[in-house]
Amino acid sequence: MHTMWKGTISFGLVNIPIKLHAATENKDIKLRQLHEECKSPIQYKKRCPVCDREVENEEIVKAYEYAKNKFAVLDEEDLETLKKEQEDKAVEILDFVKLEEIDPIYFERSYYMSPTEGGTKAYGLLRQALKDTSKIGVAKIIIRSKEQLAIIRVYENTLLMETIHFPDEVRQVQNVPNVPEEIELSKKELSTAVTLIDQLTEAFDPEKYKDEYRTALMDLIEAKRNNEEITTAKEKPKPDNVTDLMEALEKSLEKTKGTKKKTTKRKATSRTKKKTS
């Protein structure tokens with residue numbers, strides 16, 4: 001597995017050198033956008049609207065828009081220094097809580113934790129202690145230039161870190177529009193709904209659920225490939241040496257014509273002057 005982060009997790013005086021590995025993967029089928037006429041991929045270029053030209057990556061700086069069209073430009077070196085200062089710190093478990101106390105709305109991404117050299121025993125100690133107490137650890141960590149709140153728990157036989165949202169990142173439920181207040185329901189309506197839920201209740205089996213749309217889309221793509229309903233993007237025509245040579249000859253010819261006309265005109269003028277004299 002690819003290592004996403006490498007560092008140290010600590011609780012109390014116990015330090016565990018660990019690596020993080022992405023526990024999940026996005027299996028969305030990525031579709032490209034082509035120009036219908038020539039079936040070439042569409043390009044997206046970075047362009048400055050004021051200078052009216054394409055901008056290279058080295059010309060771009062980062063900034064925070066604190067008001068409309070007002071920016072605080074951030075120096076790349078300062079950002080790297082700040083990032084390194086935070087990343088070099090050991091990740092400390094701040095608290096231990098019960099998993100059921102955290103609403104699922106807070107959960108974001110999952111990472112498997114593996115011990116590095118010298119960390120096996122401390123890793124096993126934390127894993128067993130979490131199992132015995134039925135608790136999870138709460139910590140902070142810097143991943144991809146962003147400080148994340150995270151929880152550490154046991155998943156099967158592996159320590160798992162899950163990044164969770166900070167409270168101010170979860171939108172206020174009071175701002176959801178058109179949510180009805182308490183509605184008067186008859187006992188029969190509620191009883192029927194509860195009975196239906198009971199009849200559909202069973203143990204959660206993740207293997208039971210499949211991404212049917214992704215499967216159908218891949219079947220469609222394979223069918224088109226098998227029926228040779230495919231297209232190859234045309235390459236942008238490159239000027240060859242012959243084209244360059246012809247252009248050079250034509251331009252030279254145009255220049256020569258202009259020079260020849262001027263020379264002929266000068267000679268004619270000279271002859272006229274001689275006859276006059």
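**Exercise 1. In which loop is the place of Ile183?**

Solution. The model is predicted, so local features need pLDDT of at least 70 and side-chain atom pairs count only at pLDDT 80 or more, whereas totals for chains, interfaces and linings use all residues. Residues are numbered from 1 along each chain as its sequence is written, and side-chain values use heavy atoms, with hydrogens and water left out.

Step 1. Helices are DSSP runs of H or I with at least four residues, strands are runs of E with at least two, and both are numbered from the N terminus. With these terms, Ile183 lies in the loop between strand 11 and helix 3 (187-199).

Step 2. Relative accessible area under 20% means buried, over 50% means exposed, and values in between mean partly exposed (1.4 Å probe, protein chains only). Ile183 counts as exposed because its relative accessibility is 55%.

Step 3. Ile183 forms a nonpolar patch on the surface with Leu185, Leu190 and Val194, and together they have about 380 Å² of accessible area. Such areas come from the Shrake-Rupley method with a 1.4 Å probe, and for residues only the protein chains shown count as cover. Patches are made of residues with over 30% relative accessible area and no salt bridge (a side-chain nitrogen of Lys or Arg within 4 Å of a carboxyl oxygen of Asp or Glu), like charges being joined within 9 Å and nonpolar side chains (Val, Leu, Ile, Met, Phe, Trp, Tyr) within 5 Å.

**Exercise 2. Describe the barrel and the helix that packs on its sheet.**

Solution. Step 1. The chain has five helices and 11 strands. Seven strands close into a barrel with mixed pairing, in the order 1-2-8-11-10-9-7, where two strands pair if DSSP finds at least two bridges between them.

Step 2. Neighbouring strands of this sheet are turned against each other by 40 degrees on average, direction ignored. Axes are lines fitted to C-alpha atoms, for helices over the stretch in contact, and angles run from 0 to 180 degrees between N-to-C directions.

Step 3. Strand 10 (residues 146-155) and strand 11 (residues 158-164) run antiparallel and are joined by seven bridges; Ile152 has Met161 in strand 11 as its bridge partner.

Step 4. Helix 2 (residues 120-133) packs on the sheet and touches several strands, among them strand 1 (3-11) and strand 9 (136-143), while its direction makes about 85 degrees with that of strand 2 (14-22).

**Exercise 3. Is His21 buried or exposed, and which residues is His21 in contact with?**

Solution. Step 1. His21 is placed in strand 2, and His21 counts as buried because its relative accessible area is 10%.

Step 2. Contact means heavy atoms within 4.5 Å. Leaving aside neighbours within four places in sequence, His21 is in contact with Met1, His2, Thr3, Met4, Ser110, Tyr111, Tyr112 and Ser114.

Step 3. For the whole chain, buried residues make up 16% of the 277 residues.

**Exercise 4. How many salt bridges does a search of the whole structure find?**

Solution. Step 1. The search finds nine salt bridges.

Step 2. One of them joins Glu222 to Arg225, with the closest N and O atoms 3.3 Å apart. These two residues are separated by about one helical turn, because Glu222 and Arg225 are three residues apart in helix 4 (residues 212-226). Glu222 is partly exposed at 31% relative accessible area, and Arg225 is exposed at 52%.

Step 3. Asp52 forms a salt bridge with Arg47, the closest N and O atoms lying 3.4 Å apart; Asp52 is exposed at 53% relative accessibility, and Arg47 is exposed at 52%.
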